[in-house]
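Good morning, colleagues. Please look at the sequence and the structure as I display them.

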Amino acid sequence: MFATGEPLAHSYWNVVFKNLRRDAPTNTVLLTVDDRSGWTTAEQADLLNKLRRQMPRRVFFDAVIPAGEDKVGDTALMQALQSFDSDIAVVARAEKMDDFDDHAFTLPSAQVVRNTKVVVSAWRSNFVYYAISAPYTVTIRGREYQTLGAALAGVQSGFESDYYPDFSIDPQSIPRVRSQDILSGAPLPSGLSGRTVIVTSPERVPSIRYFGHRLVPAVALDIAGAAGLALPFSVSFGQKFGSIPMLLLAALLVVQGARARRRTKLAWYIATVATVIGLPALLRTQGIVFPPDCALIFISVYAALRLWQKRARRIQLTSAAGLPNLLAFTNGTMPVGADMVVAVVARYEEMLATLPHELHGEFARAIARRITAGSGTDTIYHGESGQFAWSEEARPLETQLDHLEGLRALFASPLQIGAHTFDTNIHFGLDRNEGLDVPTRLNSALASANQAMASGRSIEMFEASRLAEAPWELSLHARIEEGLRNGEIWLAFQPQFDLTSNRICGGEALIRWNHPTRGAIAPDAFILQAERAGRIDALTYWVLDLAITATLALNARGPRFQMSINLSAQMVDKPDLVSNFSEIVRRRGIDPALLTVEITETSSVRNRPAACQNLARLRELGFRLSIDDFGTGEASLAYLADLPSDELKIDRRFVARMISSPRDRIIVANTINLAHALGQRVVAEGIEDAPTLQLLRDLGCDCAQGYHLGKPIAFADFEKDYDASLGQGRRTV
Ligand code: C2E
Ligand code: CA
Ligand code: CA
């Protein structure tokens, strides 16, 4: 497991020791033998004898003894060695690093081994053969030998089986004297008395890779090893615990950092990195060795993860146009005493649809820029369906409204996106409920903006009473889609009876929503909500499609069946209405004359000329038009004047009171006459009893609809009733 970190640890220590340098202790001196030719035992004896006169404290004889070539010399050397008593040791070196087997060492002759102390030099290395550590002792042929570093430091054993050199020792700084100086008997500048002398011949001592210095003679490593052992602590956790202590420390710091408050977070992370990088180096100067690798890997992985997370979060908080989105707004805080403003762009999605995809972002950004120009606010949050939200400096209400009107005026000049020009119309929702949380305020402002758009006003202020409805409205889009998918939203059908033939001649498709938590939602209520949320189109086309399916099925049974659907006033003036309707009937292969489009709430139509034009074109396509709820709202008569309609539906308020109220009876009777005079067919709705039905028949009404005749029911039941009525031939009503 720890092997994976080795390259990292290697680079780490290499960098650390390139920068961390100190001089070798002066109490250990190298005595270098620079004679490259054969060095006889006689010469070695001579050197040792002369060295002894310098009174060194102890001597390590790091040379191969060519015993057996010169008997006299051998004896002289033995005597010389013995003359040092116990203050000398012969050094045997391992031929390679990491190989501590018996055969790896060439020990001096048996005679030397018997009479003199022998120490060894043996190193472990890392994957690129840099020395790392040395054992305190090595066992060769059953006998334990101390290693040179440990012997120099006078240490028997440690916390671990190995000790770690202090690579900050600069190998160049190790004091040296040359053998000639000893042999010539010349006085030495600093003398050797009381010091440790290592007699060594560089060509015999292999070079070893040393952190921060590449290749150095192995004897430098032994000296660095002793220096490591001489540090205040000299413990290493490398082999026993690996990176675990450092790793735990790093993890602890990271956890603390993650918990820290936003402001101090960065400081924590910097401290963590500094600790993981600096601590092992710092501790090592005190002789405590911690491998940094796992902690470094941990930090790198953690940093990478955090960066990735941050990126993911940034993506999550950014709209497709690259502006911060509404979620980003709700995540943040509002400046104290600020108003929340939401601008919605009328027909945003329609305008997007006419733009090539790559310009969609530019469109949103252009709107945001204009808002910025007008409001002076730099950060405009963007909702994907054309909402722009920001916080606006709170001003007295009148001033604020004037300010927003001014902003709206900025949108009077068309937006230019590439080669496309758009006339945009924006509506504002304003929330002044300082002190509420941002999501609540955003919901309020959004709901108000939608309301402004629905009512055609430029600004709506949020009223607290609508607070409960706001979140519901916000998510209505998703809920409608879901309701359509899972069958919570369904279509009911209510029969209409022909009063001359007394047969079912048609029906009205009425939408229903059985919401799992809100129960049955009345269509009036959620149609209004859907209109406010700008979701009415999807619903209408869904109704149209299902109604067509029902109409086709019923008409396949024989007599003509006329199906009515309701068209929201919000939709009548939409530019793509006619093309969509014609496309749907073409695709479904239905004669549009079988479909009656009921229109109502005429007063809230925004663009009357466009609405009239659309309806006229629908009629040209073959659809029948019906004026719903006739008699309510002042626009009904105007509609009758402007529009080429086919049918007039008398509102149930008049119908219900016909028996009890003579005035209502007169209104109904005259409406029927007026309609007939204009060539309209008349439908009465809301018939709840037999006398009302009879009265309408007497007044010459063509068609009847009401609970008395049949309630709105699911299609399967409707179909059964319809078949039964066909079977009866004539049904008495
Ligand atoms: P509406 O178009 O006037 O629909 C007739 C309403 O009168 C229906 O209410 C129906 O259930 C109810 N009704 C029928 N007979 C009687 C009766 O004898 N007595 C009484 N008291 N009521 C009767 P519903 O289904 O609750 O629909 C309410 C309104 O919701 C509809 O009024 C229509 O404006 C709207 N709506 C329903 N479905 C749709 C739709 O698919 N699209 C649109 N845009 N609006 C719809
Ligand atoms: Ca209707
Ligand atoms: Ca009606």
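I shall speak about the domains, then a calcium site, and then one aspartate.

This is a predicted model, in which local features need pLDDT of at least 70, side-chain atom pairs count only at pLDDT 80 or more, and totals for chains, interfaces and linings use all residues. Residues are numbered from 1 along each chain as its sequence is written, chains are lettered from A and ligands numbered from 1 in the order in which they are written, and side-chain values use heavy atoms, with hydrogens and water left out.

The domain assignment, which is automatic or from a database, gives domain 1 (15-230), domain 2 (240-316), domain 3 (326-472) and domain 4 (486-509 + 537-726). Between the C-alpha centres of domain 1 and domain 3 the distance is 83 Å.

Which residues supply the protein donors of the calcium ion (ligand 3)? They are Asp628 (OD), Asp629 (OD) and Glu685 (OE), the last listed twice, at 1.9 to 2.8 Å from the ion. Donors here are N, O and S atoms within 2.8 Å of the metal, or 3.2 Å for Na, K and Ca; water is not among the atoms, so sites may look incomplete. The sequence spacing of the donor residues is D-D-x55-E. Asp628 also bridges this ion and the calcium ion (ligand 2), the two lying 4.2 Å apart.

Finally, Asp431 is found in strand E21 (residues 426-431), strands being DSSP runs of at least two residues, numbered from the N terminus. The side chain of Asp431 makes a polar contact with that of Arg441 at 2.6 Å; such a contact is a pair of N or O atoms within 3.5 Å, and within protein one must be able to donate a hydrogen and the other to accept it, while residues adjacent in sequence count only if both atoms are side-chain atoms.

Conventions. Helices (H or I, at least four residues) and strands (E, at least two) are DSSP runs, numbered from the N terminus.
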